[in-house]
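Me: I'd like a close look at one part of this chain, the aromatic rings. Please start there, then put that part into the setting of the rest.

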Amino acid sequence: MTWRFSRSHVETGNECRYMEYLRYYWGGTGVVPSLLGMDLELGTLVHDALARVLKSRSLLALDDSLADALRAYRAKIPQIGFGAYDPQGQMDLGEALVRGWAAARLPFYVENYTLDAAEAERERDIPLGDDIALMVRSDMRVTRKSDGEV
């Protein structure tokens, strides 16, 4: 039997062993909070918008991609635990992160790489030993135009 784990599993264990037990082992499956995590949902907003922009390979898709991601985020607001944070401030932060990355990095990727859309969001196990594997999911697979390196 192979023990499979993720980066978030390891980070949770490093932060608090009891939280790791509750999330991953309690009752044989672990339990999760009923509220969505603010940080996780902000990351999802940014990821979804950038994924669409990358697949289109154009800044022309930026506004529509952001609008769709923000609409999805807004629909989840009642389920997100914000604490003292302002939901609008989180949406503004997500938009700023996406627009900043697209302005600063997208031209470089478009010029130097091709995107293999079929490989996007593919889950893989990276063997680390006989009975241990790290679970990963790549956001995209790119090929460098200059030499074909993946």
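Reply: A strand here is a DSSP run of E with at least two residues, and strands are numbered from the N terminus. With that in hand, Tyr113 sits in strand 4, which covers residues 113-116. Keep in mind that this is a predicted model.

Let's start with the rings. Searching the whole structure turns up 5 aromatic pairs. One of them joins Phe108 and Tyr109 in an edge-to-face arrangement, with 5.8 Å from centre to centre and 85° between the planes. It counts as edge-to-face because the angle between the planes is over 60 degrees. Ring pairs also tie Trp101, Phe108, Tyr109 and Tyr113 together into a cluster, and that cluster is the part I'd zoom in on.

How covered are these rings, buried or exposed? Tyr113 is buried, at 17% relative accessibility. Tyr109 comes in at 23%, so it counts as partly exposed, and Phe108 is partly exposed as well, with a relative accessible area of 35%. The cut-off for buried is under 20%, which is why Tyr113 and Tyr109 get separate labels.

What else touches Tyr113? Leaving out residues up to four places away in sequence, its contacts are Arg57, Phe108, Val142, Thr143, Arg144 and Lys145. Phe108 is on that contact list and is also a member of the ring cluster. For a sense of scale, Tyr113 and Leu36 are 77 residues apart in sequence, and their C-alpha atoms are 35 Å apart.

Now for the charge on top. Arg105 lies over the face of Phe108, at 4.8 Å from the ring centre. Arg105 belongs to the loop that runs between helix 5 and helix 6, the latter covering 106-112. Like Phe108, which has 35% relative accessible area, Arg105 is partly exposed at 35%. Going from Arg105 to Ile132 takes you 27 residues along the sequence and 35 Å through space, C-alpha to C-alpha.

Next, the nonpolar core. The largest nonpolar core has 18 residues, and Leu45, Leu62, Tyr73 and Val98 are the members that touch the most others in it. Helix 3 (38-56), helix 4 (62-76) and helix 5 (87-104) are the elements that each give it two or more residues. Helix 3 is the top contributor, with 7 residues. From Leu45, setting aside neighbours within four places in sequence, the contacts go to Ala69, Leu70, Tyr73 and Gly94.

A polar residue worth a look is Gln90, in helix 5. Gln90 is buried, at 9% relative accessibility. Beyond four places in sequence, Gln90 makes contact with Met38, Leu42, Tyr73, Phe82 and Tyr85. Tyr73 thus turns up in the contacts of Gln90 and of Leu45.

Over at the N-terminal side, His9 is in helix 1, residues 7-15. His9 is buried too, with 6% relative accessible area. The buried residues of this helix are His9, Thr12 and Gly13. Looking down the axis of helix 1, those buried residues fall within an arc of 100°, so they line one face. On the face turned away from that buried side you find the exposed residues Arg7, Asn14 and Glu15. The C-alpha atoms of His9 and Arg23 are 8.5 Å apart, with these positions 14 residues apart along the chain.

Finally, zooming out to the whole chain. The secondary structure adds up to 6 helices and 7 strands, and from the N terminus the order reads β-α-α-β-α-α-β-α-α-β-β-β-β. The C-alpha trace spans about 50 × 45 × 20 Å along its principal axes. Of the 150 residues, 24% are buried. The accessible surface is about 10,000 Å², and carbon and sulfur atoms make up 55% of it. Among contacts between residues at least 6 apart in sequence, 58% join residues at least 24 apart.

To come back to your part: it is a ring cluster of Trp101, Phe108, Tyr109 and Tyr113, with Arg105 over the face of Phe108 and Tyr113 buried in strand 4.

Technical notes: Residues are numbered from 1 along each chain as its sequence is written. This is a predicted model: local features need pLDDT of at least 70, side-chain atom pairs count only at pLDDT 80 or more; totals for chains, interfaces and linings use all residues. Side-chain values use heavy atoms; hydrogens and water are left out. Rings of Phe, Tyr and Trp (its six-membered ring) pair if their centres lie within 6.5 Å; planes under 30 degrees apart count as stacked, over 60 as edge-to-face and the rest as tilted. Buried means under 20% relative accessible area, exposed over 50%, partly exposed in between (1.4 Å probe, protein chains only). A charge sits over a ring if NZ of Lys or CZ of Arg is within 6 Å of the ring centre and within 35 degrees of the ring normal. A nonpolar core is a set of buried Ala, Val, Leu, Ile, Met, Phe, Trp, Tyr and Cys residues joined through side-chain atoms within 4.5 Å. Helices (H or I, at least four residues) and strands (E, at least two) are DSSP runs, numbered from the N terminus. Contact means heavy atoms within 4.5 Å. Accessible areas come from the Shrake-Rupley method with a 1.4 Å probe; for residues, only the protein chains shown count as cover. The arc is that of the directions from the helix axis to the C-beta atoms.
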